[in-house]
Amino acid sequence: MASTTNSNADSTSAGGTDVGVGGCLALLGGLAAGGDRLDLVLADGLIEEAGVFGREHPAHECDEVVDVSGQWLAPAFIDSHVHLAYLPAAESLAAGGVAAAVDLAAPIEFLEDLPPSPLILAAGPMITAVGGYPTQSWGSGGYGIECADADDALAAVDLVHERGARVVKIPFGAGPPLPADAIAAAIARAGELGLPVVGHALGDASAMQAAAAGVEVLAHTPVEPLEVDTIAAWSSGVVISTLDAFGGSASARSNLTALRDAGTTVLYGTDLGNSQDAGIQAAELLALQEAGMDGAAILAAGTSAPASYWGLDELGSLDPGKRASVLVLSADPIEEPLVLSEPDMVYLDGVRVDGGS
């Protein structure tokens, strides 16, 4: 599990109206995912209480009481693969129900001026070869640091860490390869600094190379069919879904099914920037369903699983003490996971941000 501290973790969400320090907001009459009754009290940006409150409970005297009878309450999502420098849609992402995101390639300057909402864990530029991916294509504007050898790779990891990176990304199998000693040096230094390493690997050989090098996370579900040995190599690893961003192909869906069956942890991610829908993406949810994930698994992939892996312990559930980042839904996401893409209300840190009133 990664242990990370987000540099904008204390920021409040843009938009909406706060109840104020010392005040409280009650969501009463709701249902938890799965159907149990659930009331919430939100105060000072956190979930203060969760349970079933009777008429005499102080929640009924909160500054604002919202009747959510007949609606379901779920944690706001975490998108584990976005590019918010490439597509500056942070405000829309938050308004669509995403409380945190992992930005997996941006120019170094992005690390110094992160959007205030959602919470961002950022990699900054990829650690890549001279002329390597993505510097000769979409990422020509500073999305990669070109390294000729191990010394360059060490310096690149140190640089992004000093500027605030909370994760390191290395491409495999795309363009000129980073030398093996440079890969090893970058991964070792990232480990010393407590930074998880994410690998861009879309093919079987590149996914196996990333696993052999000690990479912890696949940035995408590979699109080329994976061999049995490659699936086994990732059985204790992590894969970020991004199925729809690459067309939701049958081979990618089959890979995700096989990886998950082998024990790989699946995290919801959209590759926002390549994809264009800022929010919880219906197309990605549908692709996850088509890969065999049920509503409970999809909800976990966007909430508890990434919160646990990325060290975002303040998110991922609706327990007291967690950040007050809540989706109010018109149906049970366990039974109808696509409802997650159309929340009736979105609260981030106790502030309603979806534009409603």
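Which residues of H6 are buried? Let me start there, and keep in mind throughout that this is a predicted model.

So, helix H6. It runs over residues 250-262, which makes 13 residues. From the first C-alpha to the last it reaches 18 Å, close to the 18 Å you'd expect at 1.5 Å a residue. And the answer to my opening question is Ala 252, Asn 255, Leu 256 and Leu 259. Those four span an arc of only 100° around the axis, which puts them on the same side of H6. You can get a feel for that from the general geometry: an α-helix has 3.6 residues a turn, so residues three or four places apart point the same way.

Now flip the helix over. The face turned away from the buried side carries Ala 250 and Asp 261, and these are exposed. What sits over the buried residues? The cover includes helix H5 (228-233) and helix H7 (282-290), along with strands E14 (238-240) and E15 (265-267). Right after H6 ends, have a look at Gly 263, where phi goes positive, at about 115°.

Two of those covering elements, E14 and E15, take us on to the sheet. Here we have an open sheet of 5 strands, in the order E11-E12-E13-E14-E15, and the pairing is parallel. Strand E11 (168-171) and E15 are at the edges with a single partner strand each, so one side of each has no neighbour in the sheet. If you zoom in on E13, residues 217-218, you'll find 2 bridges joining that strand to E14, running parallel. Leu 218 is the one standing opposite Val 239 in E14.

Okay, charges next. How many salt bridges does the structure hold? There are 7, and I'll pick out a few.

Take Arg 189 first. Arg 189 pairs with Asp 158, and the closest N and O atoms are 2.6 Å apart. This one links distant parts of the chain, with Arg 189 in helix H3 (residues 180-192) and Asp 158 in helix H2 (residues 150-162), 31 residues apart. Arg 189 also meets Glu 192 in a salt bridge, at 3.0 Å from N to O. That second contact stays inside H3: Glu 192 and Arg 189 are 3 residues apart there, so about one helical turn separates them. Put together, Asp 158, Arg 189 and Glu 192 make up a network of salt bridges.

How accessible are the members of that network? Arg 189 is partly exposed, at 21% relative accessibility, and Asp 158 is partly exposed too, at 23%. Glu 192, on the other hand, is exposed, with a relative accessible area of 59%.

Now for another salt bridge, between Arg 323 and Asp 349, where the closest N and O atoms are 2.8 Å apart. Arg 323 is in the loop between helix H9 (304-310) and strand E16 (326-329), and Asp 349 is in the loop between strand E17 (345-348) and strand E18 (351-352), so the pair ties together parts 26 residues apart in sequence. Buried or exposed, these two? Arg 323 is buried, and Asp 349 is as well.

On to the rings. Searching the whole structure turns up 6 aromatic pairs. One of them is Phe 77 with Tyr 268, which is edge-to-face, 5.0 Å centre to centre with 75° between the planes. Phe 77 is in strand E6 (residues 77-82) and Tyr 268 in the loop between E15 and H7, so we're looking at positions 191 residues apart. Both of these rings belong to buried residues.

Then there's Tyr 133 with Trp 138, again edge-to-face, at 6.2 Å centre to centre and 70° between the planes. Trp 138 counts as partly exposed, at 27% relative accessibility. Tyr 133 and Trp 138 also belong to one aromatic cluster, together with Tyr 86 and Tyr 143.

One last stop, and then I'm done: Pro 115. You'll find Pro 115 in the loop between strand E7 (98-103) and strand E8 (119-122). With a relative accessible area of 15%, Pro 115 is buried. Its C-alpha is 9.5 Å from that of Ala 89, a residue 26 places away along the chain.

That's my tour, thanks.

Technical notes. Residues are numbered from 1 along each chain as its sequence is written. This is a predicted model: local features need pLDDT of at least 70, side-chain atom pairs count only at pLDDT 80 or more; totals for chains, interfaces and linings use all residues. Side-chain values use heavy atoms; hydrogens and water are left out. A salt bridge is a side-chain nitrogen of Lys or Arg within 4 Å of a carboxyl oxygen of Asp or Glu. Buried means under 20% relative accessible area, exposed over 50%, partly exposed in between (1.4 Å probe, protein chains only). The expected span of a helix is 1.5 Å times one less than its number of residues. The arc is that of the directions from the helix axis to the C-beta atoms. Contact means heavy atoms within 4.5 Å. Two strands pair if DSSP finds at least two bridges between them. Rings of Phe, Tyr and Trp (its six-membered ring) pair if their centres lie within 6.5 Å; planes under 30 degrees apart count as stacked, over 60 as edge-to-face and the rest as tilted.
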